[in-house]
Amino acid sequence: MKTNSLLIKTPEGIVFSLMLAGPVTRFLAWTVDLACISAMTTAASIAVSLLGLISSDFAWAMMVLVFFAISIGYGMLTEWLWRGQTLGKRLLHLRVMDEQGLRLQPSQIVIRNLLRFVDSLPAFYLVGGIACLSSRRSQRLGDFAANTIVIRHPQIAKLDLDQLLAGKFNSFLKHPHLAARLRQNVSPQTAGVALQALLRREDLDPVARVELFSEMTSFFRSLVEFPPEATEGISDEQYIRNIVDILFRDKT
Amino acid sequence: MIIDLNKFVTEERPHWNALDEILARLEEDPGYRLDLDQARRFHYLYERASADLAKIATFSSELEIRRYLESLVARAYGEIHETRKRPHRFAPVEWFFQTFPRTFRRQINAFWLSLAVTLVGCAFGGAAIALDPAAKEALMPFSHLQGDPGERVAREEQAQEDRLSGRKATFSSFLMTHNTKVSILTLAMGITWGVGTVILLFYNGVILGAVSLDYILAGKTAFLVGWLLPHGAVEIPSILIAGQAGLLLGRTLIGRDDRQPLQLRLRGISRDLVTLITGVAVLLVWAGFIESFLSQYHEPVIPYSIKIGFGVVEITLLAVFLARSGRKEKNEN
């Protein structure tokens, strides 16, 4: 089954996940890299053309070699120097990693880059893209041969919770034991959904907004039931606001 | 379960930072080695961060800390559980004269297969030209090979001007890069369980066989050998070695008589693949020079006997190099 993350279980029994990059993000990173290669070859050809003052034959020969070296070596060199990242991958927060989470070896970098010759066939990485879409771990053929994966690690922006929750009294905080149980029972993904619902509430159709918060309230009630005096007279949206306040706000 | 998250983070952060520092040093300098005390400390910090990750996993809201710890534990896991040799400083001379020929010999069966496929292709190409001379246009990829061999030989032997004058270096660099690309493709096509590599080797063989028989039937054997041998003595074995690498990849994917998981099998050959293709690239630099600066000149400029003698010396040295180089050091080790 295809998933967007790879779970690795260490011998110590700890499980960590690596989020796999999809073909579209990787294609965008590749277009950035292509632009870099074009810029580098243009700059190099200008520099090498100065050799034409000595010998035009030598200058042309150097140009052919430099173009070849940049187009083949760019990916290998940058992934080696930047631990699995090219400039395009850096910009899109992608990184090449060993499939088993082990250290990336130089031979793996070379193989995955050489196999681009097949992945890029017949044009625009069609073979690689199809392989990536059909692979369980979003691997193109080069990744498959080199035992590598490409993961993404998005930057998480700090949220301004004070602005989101400003001026609202939270009746749930009078029950710290229930608040602690809530933090224990709610998964990070579920907490994220509640937060996103609040952040995007103004974008919702009024009816859909009421229905969404009603359903979410029912769900959170099933996890932890706060006493009637804490929930009496508050709207479903305020209920979720209180929940998010408990889950995300720094208590110090 | 963590009751006070802030206290937990405040207490643990120095340990996470210490682990991060060690990891940064290990990642930046492949030659960096931990002594016993440092290794113990590193292991302790890794286990502590792992335990913290297990604790934070029960805490619903701290996705950011969890991801940070996952990243930290993932990096440390890679360092601690990696059992492959760390890459040492690259010594090109030692690599070329020892590692490359040893790798070639270790995977010699794939080379013999590569040679056999090419020879079958040669036989097919030769037979096609012998039985149906009109097939030349379909078999030969370059227009200058499609004409009459006798006419070409006469034209080139009577040429008064150097047709490569002022562009030998460009032609040479073109040959180097083109042949290297073909070699890389030959290796890369091994990912099709070796089928693509076999097709490319066979096709190369067909062209070689067709051209050779075309010139032999026209009575131009001396020209043919004098033209092909100086650079072909290195170029053809190079393509065969690239085929060797491609077939090795294909054989590993098929996994016949090898019960190891595919990942382990691929891990086992990755260095050999890189060594073989890098060796091929080095050999093709030489072949490119020779093809541009020697092969294109014929009698009376350079006697065929000299060109053929040069080619024979080259192929003998290459065979001795691949068969013998690096043996002594290995025995001493």
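1. Helices here are DSSP runs of H or I with at least four residues, numbered from the N terminus. With that in mind, a reader new to this predicted model can place Pro122(A) in the loop between helix 5 (116-119) and helix 6 (126-134) of chain A. The peptide bond that leads into this proline from Leu121(A) is cis, and its omega is near -15 degrees.

2. Chain B offers a second cis peptide bond, running from Glu299(B) to Pro300(B), with omega near 5 degrees. Pro300(B) is again a loop residue, found between helix 12 and helix 13 (304-324) of chain B.

3. As to the overall make-up of chain A, the secondary structure consists of 13 helices and 4 strands. The radius of gyration of chain A is 26 Å, well over the 18 Å that the globule rule gives for 252 residues, so the chain is more spread out than a compact globule. Its C-alpha trace spans about 90 × 40 × 35 Å along the principal axes, and buried residues account for 34% of the 252 residues. Where contacts in chain A join residues at least 6 apart in sequence, 64% of them link residues at least 24 apart.

4. Chain A is divided into domain 1 (5-152) and domain 2 (161-248), and the C-alpha centres of these two domains lie 44 Å apart.

5. Chain B, by contrast in its secondary structure, has 14 helices and 0 strands, so that the pattern read along its sequence is α-α-α-α-α-α-α-α-α-α-α-α-α-α. For a compact globule of 333 residues the radius of gyration would be near 20 Å, but chain B has 28 Å. The C-alpha trace of chain B spans about 95 × 40 × 35 Å along its principal axes, while 38% of its 333 residues count as buried. Among the contacts in chain B between residues at least 6 apart in sequence, 83% join residues at least 24 apart.

6. The domain division of chain B gives domain 1 (5-81) and domain 2 (92-332), and the centres of the two, taken over C-alpha atoms, are separated by 51 Å.

7. The contact between the chains deserves a careful look, since 51 residues of chain B are in contact with 48 residues of chain A. On the side of chain B that touches chain A, at least two residues each come from helix 1 (5-28), helix 2 (36-56), helix 3 (63-81), helix 9 and helix 12 (262-295) of chain B. Of the elements of chain B, helix 3 gives the most to this side, with 12 residues. Sorted by class, the side of chain B that touches chain A has 23 nonpolar, 15 polar and 13 charged residues.

8. Helix 2 (residues 56-81) of chain A is worth following along its length, for it bends by about 50 degrees at Gly73(A). Among its buried residues are Asp57(A), Trp60(A), Met62(A), Ile72(A), Gly75(A) and Glu79(A). The cover over the buried residues of this helix includes helix 1 (23-49), helix 3 (87-91), strand 3 (94-98) and helix 4 (106-114) of chain A, together with helix 9 (168-188) of chain B.

9. Just after helix 2 of chain A comes Arg83(A), which takes a positive phi of about 50 degrees although it is not a glycine. Arg83(A) sits in the loop between helix 2 and helix 3 of chain A, and it counts as partly exposed because it has 15 C-beta neighbours inside 10 Å, where 20 or more would make a residue buried and 12 or fewer would make it exposed.

10. Ser138(A) is another residue other than glycine with a positive phi, here near 50 degrees, and it lies in the loop between helix 6 and helix 7 (141-146) of chain A. Is Ser138(A) buried or exposed? With 23 other C-beta atoms within 10 Å, Ser138(A) is buried.

11. Helix 5 (residues 108-131) of chain B allows a simple check on length: at 1.5 Å a residue its 24 residues should span 34 Å, and its end C-alpha atoms are indeed 34 Å apart, which agrees. The buried residues of this helix include Phe111(B), Leu113(B), Val117(B), Gly121(B), Cys122(B), Gly125(B) and Ile129(B). Helix 4 (92-106), helix 6 (136-139), helix 10 (195-217) and helix 11 (221-254) of chain B are among the elements that cover the buried residues of helix 5 of chain B.

Methods. Residues are numbered from 1 along each chain as its sequence is written. Chains are lettered from A and ligands numbered from 1 in the order in which they are written. This is a predicted model: local features need pLDDT of at least 70, side-chain atom pairs count only at pLDDT 80 or more; totals for chains, interfaces and linings use all residues. The bend at a residue is the angle between axes fitted to the seven residues ending there and the seven starting there. Two residues are in contact if their C-beta atoms, placed from the backbone, lie within 7 Å. Ala, Val, Leu, Ile, Met, Phe, Trp, Tyr, Cys and Pro count as nonpolar, Asp, Glu, Lys and Arg as charged, and the others, Gly among them, as polar. Domain bounds come from an automatic or database domain assignment. The expected span of a helix is 1.5 Å times one less than its number of residues. The radius of gyration is taken over C-alpha atoms; the globule rule is 2.2 Å times the number of residues to the power 0.38.
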